[in-house]
Amino acid sequence: MLAQRFARLDALLTATASWWQTQPYHHTRLCFADEAPELAAALLAMDDEAVQRLDAEGDALCDFLAPWIPQGHELHALARLSPLVGEPPEVDPFLARHTPGRKWSQILAFSGALPPHEGPWLEWCAGKGHLGRLVSLTRQQAVTSLEWQAALCEEGRHLAERDGARQRFVQGDAFTAQAADLIQAEHHAMALHACGELHTTLIEQVASRQARGLTLSPCCYHLIRGDHYRPLSRAGQGSALRLGKSDLRLPLQETVTAGARVRRLREQEVVWRLAFDSLQRCVRGCDAYLPVPNTQKSLFNGRFSDFCRWAAELRGVTLPDRIDEEHWLAVGRERSAQVLRMELVRHLFRRPLELWLVLDRALRLEEEGYRVEIGEFCERPLTPRNILIRAVRP
């Protein structure tokens, strides 16, 4: 069943790749304006609020784009998942002290979706080990928690001792042979929002050591060491899709937790970056996008000209002594509106592409003889990264 769903998703995503394998920041006009002028006109006729409302309504977006992308409804149907939930454990609220409320709710939901397991557990990329501590106390089992940062291990040990959890912390790098050796045949491994190759490494090591099971919620698919994604499963390796880091970021372009101030700052950052990009194209006489790395958000509380000079120095661009801030910010706002509309089209494929990546992981585990289920462990308002892979050796 998983293989058939993957095959159909793969065929549809491959057929529509020209719509979503684009990089909107690189374009100074709607990238599909020549191929779909009616779509471009319809999007430019909307105000930003209408675009954002459409972005939040999956079925409405499919309807709107159907004249140009008729595969949208089938893609979204294939990407729908059933809940994989159990009863969240009833615990003393004292356990949640020093844990943000939303994160604690995610931990409760994730732990409720864990399968029955009589034996030890392994927590991968544990942080302070909140999940492992909860599992140890509610399942009455030993938990080994692997974490890279020594300070977090120390805090985790203190919390485990405070609450009486049978939890052992190991400080180490998840990519090393020593970390892999922690995985024993009797373990059920678990990872809540382990990023990129941290969780794909866990999948490979669990399969290699034939551990009893694995439950994980993937995150940050773009955090890979190469420039392109290397599929895990045979089906994925046979796909014609070639995914770069910009493609792998697409599933992450959904936030449900940011406050109004954070959203405003993010919108200003987009405008400033696009305004600087237009400025540098003019100064260099080269109509090509010039990426600027991430930086502290405090930089965007200052003046736009200061941001430009910081970015120019970083990228070796010589700017004029005087920058017409009003002009270039107006250009940045215009380009930001165009990026919003290009991203709207790409967002039709956001969840389908994520499910393609999740199924590639699930099929890898199936190939190793695991019984695998995928589903949602919580509602999306709690976290958009709510997909769970649950694999158990029969």
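Reader: Why is Gln 210 counted as partly exposed?

Author: In this predicted model, Gln 210 has a relative accessibility of 33%. Buried would mean under 20% and exposed over 50%. Since 33% falls in between, Gln 210 counts as partly exposed. You can find Gln 210 in the loop between helix H11 (196-209) and strand S5 (213-219).

Reader: What makes the phi of Gln 210 worth a look?

Author: The phi of Gln 210 is positive, about 55°, although this residue is not a glycine. Most residues other than glycine have a negative phi. Cys 125 is a second example, with a positive phi of about 55° and again no glycine. Cys 125 sits in the loop between strand S1 (121-123) and helix H8 (130-139).

Reader: How do you know whether Cys 125 is buried, partly exposed or exposed?

Author: Try the cut-offs again. Cys 125 has a relative accessible area of 26%. That value is not under 20% and not over 50%, so Cys 125 is partly exposed.

Reader: What makes Arg 350 and Asp 55 a salt bridge?

Author: The rule asks for a side-chain nitrogen of Lys or Arg within 4 Å of a carboxyl oxygen of Asp or Glu. For Arg 350 and Asp 55, the N to O distance is 3.6 Å. That is within 4 Å, so the pair qualifies. In the whole structure, the search finds 27 salt bridges.

Reader: Why can we say that Arg 350 and Asp 55 tie together parts that are apart in sequence?

Author: Look at where each one lies. Arg 350 belongs to helix H17 (residues 350-367) and Asp 55 to helix H4 (residues 48-55), so their pair joins parts that are 295 residues apart in sequence.

Reader: Is Arg 350 buried or exposed, and how do you know?

Author: Arg 350 has a relative accessible area of 9%, which is under 20%, so Arg 350 is buried. Its partner Asp 55 comes to 24%, between the two cut-offs, and therefore counts as partly exposed.

Reader: How do you know that Arg 364 and Glu 204 meet in a salt bridge?

Author: Use the same kind of check. The N to O distance of Arg 364 and Glu 204 is 3.0 Å, and the limit is 4 Å. This pair links helix H17, where Arg 364 lies, with helix H11, where Glu 204 lies, across 160 residues. Arg 364 is buried because its 14% is under 20%. Glu 204, at 28%, is partly exposed.

Reader: What makes Glu 373 and Arg 390 a salt bridge?

Author: The closest N and O atoms of Glu 373 and Arg 390 are 3.2 Å apart, which is within the 4 Å limit. Here the link runs from strand S6 (residues 371-376), with Glu 373, to strand S7 (residues 387-392), with Arg 390, and the two residues are 17 apart. Glu 373 counts as partly exposed at 36%, while Arg 390 counts as buried at 13%. Elsewhere, salt bridges with shared partners join Glu 204, Arg 234, Arg 364, Glu 367 and Glu 368 into one network.

Reader: Now the rings. Why is the pair of Trp 272 and Phe 304 given its name, stacked, tilted or edge-to-face?

Author: By the ring rule, the structure has 12 aromatic pairs. The ring centres of Trp 272 and Phe 304 are 5.7 Å apart, within 6.5 Å, and their planes meet at 70°, which is over 60, so the pair is edge-to-face. Trp 272 lies in helix H14 and Phe 304 in helix H15 (residues 304-315), 32 residues apart.

Reader: And what makes Trp 272 and Phe 307 tilted?

Author: For Trp 272 and Phe 307, the centres are 5.9 Å apart and the angle between the planes is 45°. An angle under 30 degrees would be stacked and one over 60 edge-to-face, so 45° falls to tilted. Trp 272 is buried at 7%, and Phe 307 is buried at 0%. Ring pairs link both of them with Phe 276, Phe 300, Phe 304 and Trp 310 into a cluster.

Reader: Last one: why does Arg 264 count as exposed?

Author: Arg 264 reaches 54% relative accessibility, which is over 50%, so Arg 264 counts as exposed. Arg 264 is found in helix H14 (residues 260-284). Together with Arg 261, Arg 263 and Arg 266, Arg 264 forms a patch of positive charge on the surface.

Definitions and conventions
Residues numbered from 1 in each chain as written. Predicted model: local features only at pLDDT ≥ 70, side-chain atom pairs only at ≥ 80, totals over all residues. Heavy atoms only, no water. Patch = residues over 30% accessible without salt bridge, like charges linked within 9 Å, V, L, I, M, F, W, Y side chains within 5 Å. Areas by Shrake-Rupley, 256 points an atom, 1.4 Å probe, with all protein chains shown as cover. Lys, Arg positive; Asp, Glu negative; His and termini not counted. Charge placed at Lys NZ, Arg CZ, Asp CG, Glu CD. Helix = DSSP H or I, 4+ residues; strand = E, 2+ residues; numbered from the N terminus. Buried < 20%, exposed > 50% of the residue type's maximum accessible area, 1.4 Å probe, protein only. Phe/Tyr/Trp six-rings, centres within 6.5 Å; stacked < 30°, edge-to-face > 60°.
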